[in-house]
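Here are some exercises to work through with the model open beside you. Try each one before reading its solution.

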Amino acid sequence: MPEQIKVTPGEPKAPPPSVSEKIQSLEELQRLKAALDLEIAQKQLRALNRDEAKADEEAAKILMEEENRRALQLSMMAAHRKRDRELQAAQLSCPHEKENKKTAIVGLRDSQNHYIFNCQNCMKMWSEADCPPHLRPAMEAVGGPQY
Ligand SMILES: [Zn+2]
């Protein structure tokens with residue numbers, strides 16, 4: 001009996017790829033690369049959209065703050081004008097007298113000996129020159145700095 005030779009099956013040597021196989025794997029690679037490029041592009045687009053959304057949000061916030069500030073400013077100006085008008089109306093209709101018909105105007109003398117007068121009813125102010133003479137308080141009643 002001839003000696004048997006054990007042949008262990010090794011890795012079968014793959015035959016070299018044929019041209020059509022090479023073309024196929026090249027096409028596969030190109031397909032993978034295109035898919036990868038697409039994925040990268042989509043990721044970049046998503047990041048860009050996120051950034052853009054964030055910037056839009058930020059801009060909207062700034063715009064809203066600006067509008068709120070402007071609205072507050074306008075309402076404060078309107079309130080100020082209303083107060084001015086009311087004060088002016090009160091001063092125009094004020095007799096600058098107390099109920100006992102005595103003057104409601106009081107005076108103050110400053111350190112330069114200038115006088116300033118104002119009505120305790122309506123807060124209207126006068127200088128020495130324009131204070132109505134018949135309503136001017138008695139000079140001894142006008143206080144000033146004590147030396
Ligand atoms: Zn008055």
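Helices (H or I, at least four residues) and strands (E, at least two) are DSSP runs, numbered from the N terminus. Residues are numbered from 1 along each chain as its sequence is written. This is a predicted model, so local features need pLDDT of at least 70 and side-chain atom pairs count only at pLDDT 80 or more, while totals for chains, interfaces and linings use all residues.

**Exercise 1. Work out the overall layout and judge how spread out the protein is.**

Step 1: list the elements. There is one helix, along with three strands, and their order from the N terminus is α-β-β-β.

Step 2: compare with the globule rule. The radius of gyration is taken over C-alpha atoms, and the rule is 2.2 Å times the number of residues to the power 0.38. For 147 residues that rule gives 15 Å, but the protein comes out at 48 Å, well over it, so it is more spread out than a compact globule.

Step 3: look at the box. Along the principal axes, the C-alpha atoms fill roughly 155 × 35 × 25 Å.

Step 4: check burial. A residue is buried if 20 or more other C-beta atoms lie within 10 Å of its own, exposed if 12 or fewer, and partly exposed in between, with C-beta atoms placed from the backbone. Just 5% of the 147 residues count as buried.

**Exercise 2. Test the length of helix H1 and decide whether it is buried or in the open.**

Step 1: get the expected span. It is 1.5 Å times one less than the number of residues. H1 covers residues 19-93, 75 residues, so it should span 111 Å; its end C-alpha atoms are 109 Å apart, which agrees.

Step 2: try a pair of residues. Val 19 sits in H1, and its C-alpha atom is 110 Å from that of Cys 94, 75 residues along the chain.

Step 3: count neighbours. Val 19 is exposed because it has 7 C-beta neighbours inside 10 Å. Across H1 the number of buried residues is zero, so the helix lies largely in the open.

Step 4: bring in the domains. The bounds come from an automatic or database domain assignment, which gives domain 1 (18-93) and domain 2 (105-141). Their centres, over C-alpha atoms, are 60 Å apart.

**Exercise 3. Trace the strand pairing and pick out the residues with positive phi in the hairpins.**

Step 1: pair the strands. Two strands pair if DSSP finds at least two bridges between them. E1 (residues 105-109) and E2 (residues 115-119) run antiparallel with five bridges. E2 and E3 (residues 125-127) are antiparallel too, joined by three bridges.

Step 2: set the register. Leu 108 has Ile 116 as its bridge partner in E2, and Gly 107 stands opposite Phe 117. On the other side, Asn 118 is partnered by Met 125 in E3.

Step 3: scan the loops. Most residues other than glycine have a negative phi. The hairpin of E1 and E2 has five residues between its strands, and there Asn 113 has a positive phi near 65 degrees. The hairpin of E2 and E3 also has five residues between the strands, and Met 123 takes a positive phi near 70 degrees.

Step 4: check exposure. Asn 113 is exposed, with 9 other C-beta atoms within 10 Å. Met 123 is exposed as well, with 11.

**Exercise 4. Find the largest nonpolar core and see what Cys 131 and Pro 137 touch.**

Step 1: define the core. It is a set of buried Ala, Val, Leu, Ile, Met, Phe, Trp, Tyr and Cys residues joined through C-beta atoms within 7 Å. The largest has five members: Ala 104, Ile 105, Phe 117, Cys 119 and Cys 131.

Step 2: follow Cys 131. Residues are in contact if their C-beta atoms, placed from the backbone, lie within 7 Å. Leaving aside neighbours within four places in sequence, Cys 131 contacts Ile 105, Phe 117, Trp 126 and Arg 136.

Step 3: move on to Pro 137. This residue is in the segment after E3 and is partly exposed, with 16 other C-beta atoms within 10 Å. With neighbours within four places again left out, its contacts are Thr 103, Ile 105, Val 106, Gly 107 and Val 142.

Step 4: finish with a distance. Pro 137 and Lys 102 are 35 residues apart in sequence, yet their C-alpha atoms are 9.1 Å apart in space.

Definitions and conventions. Contact = placed C-beta atoms within 7 Å.
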